[in-house]
Amino acid sequence: MTTLTFTTPSGRRRTTPARFGPESRRDPLLPQRIRNGLLDDEGQQCVQVRLAAADAANPAARALLDTETRTALHLHRVLDDTAYAPLFPQIIGYELDAAEPYLLYAAPRGTAAARTHVMGAFDQRVFARDLMLALCLLDGQGLVLRGISPATVLWDGTSVQLWGLEGVARAGQPRTRWGRAPFCPPEQRRAEGLVDSRDMVWSAAQVLYQLVTGRPGPAERAPADLAEHRVLAETLRGAFAPLAADRPTPARLLDLLAPGAARRSALTVPADATHTHREAFAQALHLKRQAPPEPSPAAGRSNGEVLCPYCLETIQLDLTALFVTDSKMQYQPLDVSGIRNPLRREDIMRSAVQKCTADPEFPEHFIPVPYLTHGRPLTVVMVGQSSTGKSHLLTQMIAEITDGGLEPFGLKWQSVNPEQHARFVRERVQPLRNGKVLDHTGALGLDGFARFVESLLITDAKGQVRPVAFFDLGGEDLVRTDAALRFLLGVDAMLFVVDPALALPLPQLDHARERWGLAVNRDGDLAFGTVLDRLPKNGPYLDVAAAMVLAKADLLRFQPPVDRWLDQPSPTSLDPALVRAESRDVYGLLRRHSGQAWLRPFDAIRRCTLHIASATGGQEDQGRYPAGARPRRVLEPLLSLLAMHGLIDVPGGAEAFAVGTAPAKEAVPPRQARRSVGEEAM
């Protein structure tokens, strides 16, 4: 007897005593273990799919369980209370951030088709109809179930139930090797091309061939004896084509078996509930395009002056005010007048700092020398309450940069101060990557002094070098300390970090709110308003570059539209249509569930994109992340900011990237806009 506490499909938590039988591997090649059980609170029979602790330490194994859970929940949302729900396993609940994560299903209906040696003609048609109906439903959701085989298709004598949901991939993604011959289609076995719904048709046809003949079919072509079997010959002849492009779709095959069934199944799927929010987003961008942009600030000052990010006074390089740190991390004066070797001088200067005395009343502060010698620095500030996960997000963002994450976009990086960067990696990046929960950002203090988190030199594709400085402010200090807001006047870009536990009144977040002692705040993040009210405004919009980030998105990784975006591979180029599609989806999620107060940065700032990100990929357990910290989509918000500032070239230019283009589309009613991920909704 054991006690389980898990999340149900409704998002509520359920605690129940449970008893389980012996476990086995569901598939010898996969890490998941499976066992039958009984949930004693309701006397409910179940099947538990779980990972042992050793397997759960592998991120790839956890990703499989995540995929299975995401698919089961998605099918539950669209098919629950319909006649089609029994075609798939019924999810009871899940607990995925534990050391031994698991998923619970209701008891399966039927037994694996692999146990059926030969099937009669009548059952063949029913089996084929139900299997094609299941594939048609998956296709309608843009999902492709790989790995269909006699072991994953259950049959109870009257209908089919399709398992193996861990093999689901989204249509259009690059194929990877999955499954076994002959059930795995040739292109999938070779990992060629893109995932296609007709991949499932090959697998289903091979399952039917084995059930009809009692033997597996050829792995590369149609069986030679296909014409001898009426059901196969009438409906599946094209299904054995080696190339997916030459096979019929699931809907076409279903209509051969049950005319009109494909259309009826499509009508069962719930209508899009985000339509009004998409229209509101399109209208907001339309209004932003009508407002003239403010002139961009100059890249630097001709006399070498830059704005000190601390005291906000102008400062320029002064070779008589340089310092370096000694072995005890104390500042010691540096005299470079006697260093004649230019290479050695440059190397020493890279590690040096200059004491800023521009404001004698401001607390003592030091600026890295490279910050003063490469033109106007780009200052990026993280805004949000201290519970939002800004520290983890910014740490992972910088770690992705230092891992080469900017290189596909034509950018290179170098530390502004090597010693400072090494300390940041040692104290922040390495502990987080090893699974340790980081401390919150230190308080600003009564003097209102804001310290750098990190500085980097970014070189763009044209060879121009620009310092980029990152700040992470504790939200409560930002609200209370008015002096700390002075430095915002010199900020070039802002990242507004949204904590879903504060913003979204969704039941699946109740457990996180309870753990962290938080409550939903319908009035938005107070730090957002404080910052926005302080920024200078010369028209209907603020013109600082900005991005909003729905952080801790792993908490919502099974919630549309978050599930779609977290599942996307990391981009290697900036596609404005994709960025706007993500912005549109995040806008709709916040507008629908949180209200306009949480969208205030987007409404107030002319150039503002919206993003989904997770710094850790999961939730902590006793001060650690059980599977380590697995960042997802942490770099995309910064990429948008760099594009808005012209450091990354994007189609149409920086202005169009931020607010959209194509005035011809302005006349198209928003309801006619294409709505799939990656398509504009203008």
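# Salt bridges, rings and a seven-stranded sheet

A search of the whole structure turns up 42 salt bridges. Keep in mind that this is a predicted model. The structure also holds 12 aromatic pairs, and there is an open sheet of seven strands to look at. Here's a quick tour, by topic.

**Salt bridges**

- Start with E68 and R26, a salt bridge whose closest N and O atoms are 2.8 Å apart. E68 belongs to helix 2 (residues 59–79), while R26 is in the loop between strand 2 (13–25) and strand 3 (33–39), so this pair ties together parts that are 42 residues apart in sequence.
- The two ends of that bridge sit in different accessibility classes: E68 is buried, with a relative accessible area of 0%, and R26 is partly exposed, at 26%.
- Next up is R170 with D567, where the closest N and O atoms are 3.1 Å apart. This one links distant parts of the chain, with R170 in strand 11 (residues 168–170) and D567 in the loop between helix 17 (562–566) and helix 18 (576–593), 397 residues apart.
- R170 has 15% relative accessibility, so it counts as buried, the cut-off being under 20%. D567, at 24%, counts as partly exposed.
- D199 and R247 form a salt bridge too, with 3.9 Å between the closest N and O atoms. Here D199 lies in helix 5 and R247 in the loop between helix 6 and helix 7, so the bridge ties together parts 48 residues apart in sequence.
- Both D199 and R247 are buried.
- There's also a network: salt bridges that share partners join E23, R25, R33, R50, D55 and E100.

**Aromatic rings**

- Among the 12 aromatic pairs is Y209 with F240, an edge-to-face arrangement at 6.5 Å centre to centre, with 80° between the planes.
- Y209 is in helix 5 (residues 198–213), and F240 is in the loop between helix 6 (230–235) and helix 7 (250–257), so the pair ties together parts that are 31 residues apart in sequence.
- Both rings belong to buried residues: Y209 has 3% relative accessibility and F240 has 1%.
- Add W202 and you get one aromatic cluster, made up of W202, Y209 and F240.
- Helix 5 therefore turns up in two of these stories, holding Y209 of the ring pair and D199 of the salt bridge to R247.

**Charges over rings**

- K288 lies over the face of F602, at 3.5 Å from the ring centre.
- W516 has a lysine over its ring as well: the charged end of K552 sits 4.2 Å from the ring centre.

**The seven-stranded sheet**

- The strand order in this open sheet is 19-20-21-18-22-23-24, and the pairing is mixed.
- Which strands are at the edges? Strand 19 (412–415) and strand 24 (608–612) are, each pairing on one side only.
- On average, neighbouring strands of the sheet are turned by 25° against each other, direction ignored.
- Strand 20 (residues 454–459) and strand 21 (residues 465–472) pair in the antiparallel sense over six bridges. Within that pairing, L457 stands opposite P467 in strand 21.
- Helix 11 (residues 390–402) packs on the sheet, touching strand 18 (378–383), strand 19, strand 20, strand 21, strand 22 (493–498) and strand 23 (545–550). The direction of helix 11 makes about 155° with that of strand 21.

Terms used:
Residues numbered from 1 in each chain as written. Predicted model: local features only at pLDDT ≥ 70, side-chain atom pairs only at ≥ 80, totals over all residues. Heavy atoms only, no water. Phe/Tyr/Trp six-rings, centres within 6.5 Å; stacked < 30°, edge-to-face > 60°. Helix = DSSP H or I, 4+ residues; strand = E, 2+ residues; numbered from the N terminus. Buried < 20%, exposed > 50% of the residue type's maximum accessible area, 1.4 Å probe, protein only. Lys NZ or Arg CZ within 6 Å of the ring centre and 35° of its normal. Pairing = 2+ DSSP bridges. Axes fitted to C-alpha atoms, helices over the stretch in contact; angles between N-to-C directions. Contact = heavy atoms within 4.5 Å. Salt bridge = Lys/Arg side-chain N within 4 Å of Asp/Glu carboxyl O.
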